[in-house]
Amino acid sequence: MNYSFRKLLWLVLFLACWSQAEAQLPNEKFGKPSSMEWDFVGWGNAVNADAIILCKTMKVSYQLSDQVFNYNQAGNEINLDNILEFSPNQIDESNIVVNYEVRLRTKILKPEGARHADIDITYFNADTDKMFIHDELSDLKIKVFTKNEKGKVEKKTVNTDSFVKERLDANYMVLHVTVPDVQAGSIIEYQYDITSIRPAFLYDWAFQECIPTVHSKCDIEIPAFMQFKMNVPINKLIKSGVEAGHLTYDANRTDMKRAKTCATNHYLITGDYILPEDPVIANFTSQMISPRVTLPANLPEGCTHLKIK
């Protein structure tokens, strides 16, 4: 076997292995589980699990009103040149909205794994004399996909009206989501949005759950004048990066001038093939540094906004 042929053979084998590895990550597009997800039964110790999380994602984006301003820069565009002057000043947080888009896909592997079809969603909802703000939980949608005896996929939409809300404490509510008629082989998709007017607060994101997780992603874009300390897990299973971006915050102008934009920091954190028994993988958390805004109550210890039962 000559050198050129051996080199070509190794290249073909490498590309085949690379393609197979790439194909082993679930599709992030919701609404139709991929063939890989129907066939996937786990890896390593995960093959003994009674259920697995195929994919869970959280996308966080800020929405700025054209009323956002500070005392020195009123009416001016927020850019990299004036961020340092902008940051020390008080901002009107009522003109900043934070949008969360959460998606989750779980596969039941064994009959006893049906209990993992249920989730708890924790969200901010103050019930005190001093606080009157709350986060809005909306667009909750749940679908169950099951293959019948002929191998045809049957899809069922779950009625979300009967789910139970419970007050966790003075600051937080929890929505108990129960999914009926789940069996071994079923794939369950959840999606919901959270709208918050607390720009100084970001929900935590748990990469490690009580069942194996194939793919988890946290995608956050934050205005650059809002400085957070981002506590990203340090682990070989977690990959993180940040790059500069921008968002438009003054799109509805009547003076025919271009819309104003704001510089952003775009964080992308992903984790793949995480087992419950892996060395401790911390949640992704954040802490506000500047500008000066009123910090909200923290989540109860051990809680994130999404908990797999």
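Me: Why is Arg103 called buried?

Reply: In this predicted model, Arg103 has a relative accessible area of 18%, and the term buried applies to values under 20%, so Arg103 is counted as buried.

Me: What makes Glu101 partly exposed?

Reply: Glu101 has a relative accessibility of 35%, and because partly exposed covers the range between the 20% limit for buried and the 50% limit for exposed, Glu101 takes the intermediate label.

Me: How do you know that the side chains of Arg103 and Glu101 meet in a salt bridge?

Reply: The N to O distance for this pair is 4.0 Å, and a salt bridge requires a side-chain nitrogen of Lys or Arg within 4 Å of a carboxyl oxygen of Asp or Glu, so the pair of Arg103 and Glu101 is accepted. Side chains of opposite charge can pair when their charged atoms come close.

Me: What makes the pair of Asp193 and Arg103 a salt bridge, and which parts of the chain does the pair link?

Reply: The closest N and O atoms of Asp193 and Arg103 are 3.4 Å apart, and because the limit is 4 Å, the pair counts as a salt bridge. This salt bridge links distant parts of the chain, with Asp193 in strand β8 and Arg103 in strand β2 (residues 96-108), 90 residues apart. Asp193 has a relative accessible area of 18%, and that value lies under the 20% limit, so Asp193 is buried. Elsewhere, Glu37, Arg105 and Glu189 are joined into one network by salt bridges that share partners.

Me: How do you know that Glu209 forms a salt bridge with Lys56, and where in the chain are they?

Reply: The closest N and O atoms of Glu209 and Lys56 are 2.7 Å apart, which lies within the 4 Å limit, so the pair qualifies. Glu209 belongs to the loop between β8 (187-196) and β9 (213-223), whereas Lys56 belongs to strand β1 (residues 51-64), and the two are 153 residues apart. Glu209 and Lys56 are both buried. Over the whole structure, the search finds nine salt bridges.

Me: Why is β3 described as largely enclosed by the rest of the structure?

Reply: Six of the six residues of β3 are buried, so the strand is largely enclosed. Both of its faces are covered, with Ile119, Ile121 and Tyr123 buried on one side and Asp120, Thr122 and Phe124 buried on the other.

Me: How do you know that β3 pairs with β7 and with β14?

Reply: Two strands are taken to pair if there are at least two bridges between them. Strand β3 (residues 119-124) and strand β7 (residues 172-177) share six bridges in the antiparallel sense, and β3 and β14 share three, likewise antiparallel, so both pairs pass that limit. Ile119 has Val177 as its bridge partner in β7, Thr122 stands opposite Val174 in that strand, and Asp120 has Lys307 as its bridge partner in β14.

Me: What makes β6 and β14 edge strands?

Reply: The open sheet has four strands, paired antiparallel in the order β6-β7-β3-β14, and both β6 (164-167) and β14 (306-308) pair on one side only. On average, neighbouring strands of this sheet are turned by 25 degrees against each other, direction ignored. Strand β6 is joined to β7 by four bridges and by a hairpin of four residues, and Glu166 stands opposite Val174 in β7.

Me: What makes a set of residues the largest nonpolar core, and which of its members touch the most others?

Reply: The members of a nonpolar core are buried nonpolar residues joined through side-chain atoms within 4.5 Å. The largest such core has 57 residues, and Val177, Val179 and Leu202 touch the most other members. Leaving aside neighbours within four places in sequence, the contacts of Val179 include Ala117, Ile142, Val158 and Tyr190. A second, separate core has twelve residues, among them Trp38, Leu54, Phe145 and Val214. In soluble globular proteins, nonpolar side chains tend to be buried together.

Conventions: Residues are numbered from 1 along each chain as its sequence is written. This is a predicted model: local features need pLDDT of at least 70, side-chain atom pairs count only at pLDDT 80 or more; totals for chains, interfaces and linings use all residues. Side-chain values use heavy atoms; hydrogens and water are left out. Axes are lines fitted to C-alpha atoms, for helices over the stretch in contact, and angles run from 0 to 180 degrees between N-to-C directions. Buried means under 20% relative accessible area, exposed over 50%, partly exposed in between (1.4 Å probe, protein chains only). Contact means heavy atoms within 4.5 Å.
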